[in-house]
Amino acid sequence: MKALTCGAARLQLDAFYDQELPLAAQIAMHKHVAACGDCAAELDELRMLRAAFSSVARARVPISDDDRQSLQSTVMARIKAERSAALSTRLSRCSRTCGWCMPASAPPRRPPRACS
Ligand SMILES: [Zn+2]
């Protein structure tokens with residue numbers, strides 16, 4: 001089997017680390033990183049990065065009562081704003097069809113009828 005170049009090895013480094021390569025390619029990568037200090041260093045860096053990401057992903061970040069209260073207020077304000085916007089849109093659509101929901105400055109032009 002032809003020896004891997006560093007360029008070819010680097011392209012497969014993630015798959016090698018994840019043991020996703022076919023057996024022959026996995027063996028060739030193992031031989032290459034055992035003999036190549038640069039690629040071995042890349043593999044070590046990949047290993048450290050993966051470990052760091054993994055520990056961050058598992059970490060639970062504590063949230064203070066103030067932050068929790070702020071988040072809750074922000075979410076509730078957003079919900080109210082969206083409900084208000086939805087009501088405004090419905091009233092606008094209704095006023096165009098029946099005239100009953102028009103603001104006081106623009107009195108209904110037609111007698112009210114059921115809104116849909
Ligand atoms: Zn190499």
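Leaving aside its neighbours within four places in sequence, with which residues is Leu 4 in contact? I should like to organise this presentation around that question. The model under discussion is a predicted one.

Let me begin with the overall architecture. The chain contains four helices and zero strands, so that its elements read α-α-α-α from the N terminus on. Of its 116 residues, 8% count as buried. Among contacts in the chain with a separation of 6 or more, 36% are between residues 24 or more positions apart.

I return now to Leu 4. This residue lies in the segment before α1. Leu 4 counts as buried because 20 other C-beta atoms lie within 10 Å, and 20 is the number at which a residue is called buried. Once neighbours within four places are set aside, the contacts of Leu 4 are Ala 9, Ala 28, Met 29 and His 32. Two C-alpha separations place Leu 4 relative to α2. The distance to Val 33, 29 residues away along the chain, is 9.8 Å. The distance to Ala 25, 21 residues away in sequence, is 9.4 Å. Ala 25 itself lies in helix α2, and it counts as partly exposed because it has 16 C-beta neighbours inside 10 Å.

This brings us to helix α2, residues 23–35. At 1.5 Å a residue, its 13 residues should span 18 Å, and the end C-alpha atoms are 19 Å apart, which agrees. Which residues of α2 are buried? They are Ala 28, Met 29, His 32 and Val 33. Because these residues cover an arc of only 125° around the axis, they fall on the same side of α2. On the other side, Leu 23, Ala 24, Ile 27, His 30, Ala 34 and Ala 35 are exposed. What do the buried residues of α2 pack against? Their partners are α1, residues 6–17, and α3, residues 37–58. Val 33 illustrates such packing: beyond its neighbours within four places, Val 33 is in contact with Cys 39, Ala 40 and Leu 43.

The next topic is the core. In soluble globular proteins, nonpolar side chains tend to be buried together. Here the largest nonpolar core has eight residues, namely Leu 4, Ala 9, Phe 16, Ala 28, Met 29, Val 33, Cys 39 and Leu 43. The elements contributing two or more residues to this core are α1, α2 and α3. Its largest share, three residues, comes from α2.

I turn to the two helices on either side of α2 in sequence. For α1, 12 residues at 1.5 Å each should span 16 Å; the end C-alpha atoms are 15 Å apart, which agrees. For α3, 22 residues should span 32 Å by the same rule, and the end C-alpha atoms are 31 Å apart, which again agrees. Nevertheless α3 is hardly covered, since the count of buried residues among its 22 is two.

One backbone detail deserves attention. Most residues other than glycine have a negative phi. Where does Gln 19 lie? Its place is in the loop between α1 and α2. The phi of Gln 19 is near 55°, a positive value in a residue other than glycine. Is Gln 19 buried or exposed? It is exposed, because 8 other C-beta atoms lie within 10 Å, and 12 or fewer is the condition for that class.

To close, I return to the opening question. Leu 4, from the segment before α1, is in contact with residues including Ala 28, Met 29 and His 32. Those three are among the buried residues of α2, and Leu 4, Ala 28 and Met 29 are among the members of the largest nonpolar core.

Methods
Residues numbered from 1 in each chain as written. Predicted model: local features only at pLDDT ≥ 70, side-chain atom pairs only at ≥ 80, totals over all residues. Contact = placed C-beta atoms within 7 Å. Expected span 1.5 Å × (residues − 1). Arc of directions from axis to C-beta. Core = buried A, V, L, I, M, F, W, Y, C linked by C-beta atoms within 7 Å.
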